Amino acid sequence: MVKILFVDDESMICDLSKIVLESLDKGYEVETASNGKEGLVAYQRMQKENSLPDLVVTDYGMPEANGEYLINGIAAVNKNQKIILACSQEPNLVEQLMIKYNLSGTLAKPYGITDLVAKIEEVLK
């Protein structure tokens, strides 16, 4: 089983991604959260349960707490966590975040489900 924490403020993206990924017969188990704060709470709960996700996929631009808030919180306890950042921001910002947090990959928004699956497979190799 491959555990994925998927964080995006657009509930339709979270719901659709969870449904599609779990239906692929690749053993993906997806937990979703709607912002960086909820994502960090979920991650900390998983850590306490000794059940960390194999991968975190997070949007950058979210209300209340953005993707960098989540990534920073994860990096404080686990610098080796595989993280994909989905972002429609400027390439310079994405590059800075890639370097600062040693991210596993990025996805330019908007992206299709095939792009998401391909990036997940690439990062989990």
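Select glutamate 122 to begin: at 46% relative accessibility this residue counts as partly exposed, a class that lies between buried (under 20% relative accessible area) and exposed (over 50%), as computed with a 1.4 Å probe on protein chains only. The model on the screen is a predicted one, in which local features need pLDDT of at least 70 and side-chain atom pairs count only at pLDDT 80 or more, while totals for chains, interfaces and linings use all residues. Residues are numbered from 1 along each chain as its sequence is written, and side-chain values use heavy atoms, with hydrogens and water left out.

Now add lysine 119 to the selection, whose side chain meets that of glutamate 122 in a salt bridge at 3.5 Å, N to O; the term stands for a side-chain nitrogen of Lys or Arg within 4 Å of a carboxyl oxygen of Asp or Glu. Because they are three residues apart in helix H5 (residues 113–124), glutamate 122 and lysine 119 are separated by about one helical turn. Helices (H or I, at least four residues) and strands (E, at least two) are DSSP runs, numbered from the N terminus. Lysine 119, at 17% relative accessibility, counts as buried.

Next, select Asp8, Glu10, Asp59 and Lys109 together, which are joined into one network by salt bridges that share partners.

Move then to lysine 37 and glutamate 64, where the two side chains form a salt bridge with a distance of 3.7 Å, N to O. This pair links distant parts of the chain, 27 residues apart, with lysine 37 in helix H2 (residues 36–48) and glutamate 64 in the loop between strand E3 (55–59) and helix H3 (67–77). Lysine 37 is partly exposed at 39% relative accessibility, whereas glutamate 64 is exposed, with a relative accessible area of 64%.

From there, go to arginine 45 and glutamate 49, a salt bridge in which the closest N and O atoms are 3.5 Å apart. Arginine 45 counts as partly exposed at 36% relative accessibility, and glutamate 49 is partly exposed with a relative accessible area of 47%. In the whole structure, a search finds 10 salt bridges.

For the last stop, select glutamine 96, which is found in helix H4 (residues 91–101) and counts as exposed at 53% relative accessibility. A distance drawn from the C-alpha atom of glutamine 96 to that of threonine 58 should read 16 Å, the two residues being 38 apart along the chain.
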